[in-house]
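Here are a few notes to read alongside the model, written as numbered points. Please keep the structure open while you go through them.

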Amino acid sequence: MTSRSTQKIVHFSSPFALDGFDALQPAGDYVVNQDEELLEGASHLAWRRVATFIHLPAIAANSLTRHMVPVDPAVLENALQKDQEQP
């Protein structure tokens with residue numbers, strides 16, 4: 001099976017919380033990876049997301065350690081939307 005990984009940067013203007021995270025995360029830019037696999041037998045290219053990860057801490061944080069944490073993509077999108085709605 002063919003797979004691919006895409007990467008994007010998301011921005012939070014305010015501190016945010018995600019389900020399953022113990023602590024509030026500070027505002028900033030975060031790297032998000034999405035792993036996808038090719039759907040076999042489709043008449044056109046189609047990909048299915050199989051995992052989403054957010055890199056902690058934020059890009060600008062001065063930290064010697066970084067780690068990727070699995071996150072539900074719907075929860076992440078909801079948190080980003082709430083962040084954009086804040087004044």
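A salt bridge here is a side-chain nitrogen of Lys or Arg within 4 Å of a carboxyl oxygen of Asp or Glu. Please bear in mind that this is a predicted model.

1. Let me start with R48 and E37, whose side chains meet in a salt bridge, with 2.2 Å from N to O. The pair links distant parts of the chain, since R48 is in strand β3 and E37 is in strand β2, eleven residues apart. Buried or exposed, how does E37 count? E37 is buried, because its relative accessible area is 18% and the cut-off for buried is under 20%. R48, at 42% relative accessibility, counts as partly exposed.

2. How many salt bridges does a search of the whole structure find? The search finds three. Another of them joins R4 to E36, where the closest N and O atoms are 2.6 Å apart. This pair also links distant parts of the chain: R4 belongs to strand β1 and E36 to strand β2, with their positions 32 residues apart. E36 is buried at a relative accessible area of 11%, whereas R4 is partly exposed at 35%.

3. K8 and E77 form a salt bridge too, and their closest N and O atoms are 3.6 Å apart. Here strand β1, which holds K8, is linked to helix α1, which holds E77, and the two residues are 69 residues apart. K8 is partly exposed, with a relative accessible area of 34%. E77 is partly exposed as well, with a value of 42%.

4. Now for the strands. β2 and β3 run antiparallel and are joined by seven bridges. If you would like a pair to look at, D35 stands opposite A51 in β3. β3 is also joined to strand β4 (residues 67-70), again antiparallel, by four bridges. On that side, H55 has M68 in β4 as its bridge partner.

5. L56 is worth a look while you are in strand β3, where it has its place. This residue counts as buried, at 6% relative accessibility. What is L56 in contact with, leaving aside its neighbours within four places in sequence? The residues are F21, Q25, Y30, T65, R66, H67 and V69. For Y30, which is 26 residues away from L56 along the chain, the C-alpha atoms of the two are separated by 7.2 Å.

6. Helix α1 has 13 residues and reaches 18 Å from its first C-alpha to its last, close to the 18 Å expected at 1.5 Å a residue. At its N-terminal end the helix is capped by D72, with a side-chain oxygen 2.8 Å from the backbone nitrogen of A74.

7. Which residues of α1 are buried? They are L76, A79, L80 and D83. These residues cover an arc of only 100 degrees around the axis, so they lie on the same side of α1. An α-helix has 3.6 residues a turn, so residues three or four places apart point the same way. The buried residues of α1 pack against β1, β2 and β3 (47-56). On the other side of the helix, A74, K82 and E85 are exposed.

8. One residue to pick out from the helix is L80, found in α1 (residues 73-85). L80 counts as buried because its relative accessible area is 9%, where buried means under 20%. Leaving aside neighbours within four places in sequence, L80 is in contact with V10, H11 and F12. L38 makes a useful reference point: 42 residues separate L80 and L38 along the chain, and their C-alpha atoms are separated by 27 Å.

9. Finally, where is S14 found? S14 is in the loop between β1 (3-12) and β2 (28-38). Although S14 is a loop residue, it counts as buried at 19% relative accessibility. Apart from neighbours within four places in sequence, S14 is in contact with A27, D83 and Q86. D83 is also one of the buried residues of α1, so you may like to view points 7 and 9 together.

Terms used. Residues numbered from 1 in each chain as written. Predicted model: local features only at pLDDT ≥ 70, side-chain atom pairs only at ≥ 80, totals over all residues. Heavy atoms only, no water. Buried < 20%, exposed > 50% of the residue type's maximum accessible area, 1.4 Å probe, protein only. Contact = heavy atoms within 4.5 Å. Expected span 1.5 Å × (residues − 1). Arc of directions from axis to C-beta. Polar contact = N/O pair within 3.5 Å; in protein donor to acceptor, adjacent residues only side chain to side chain. Pairing = 2+ DSSP bridges.
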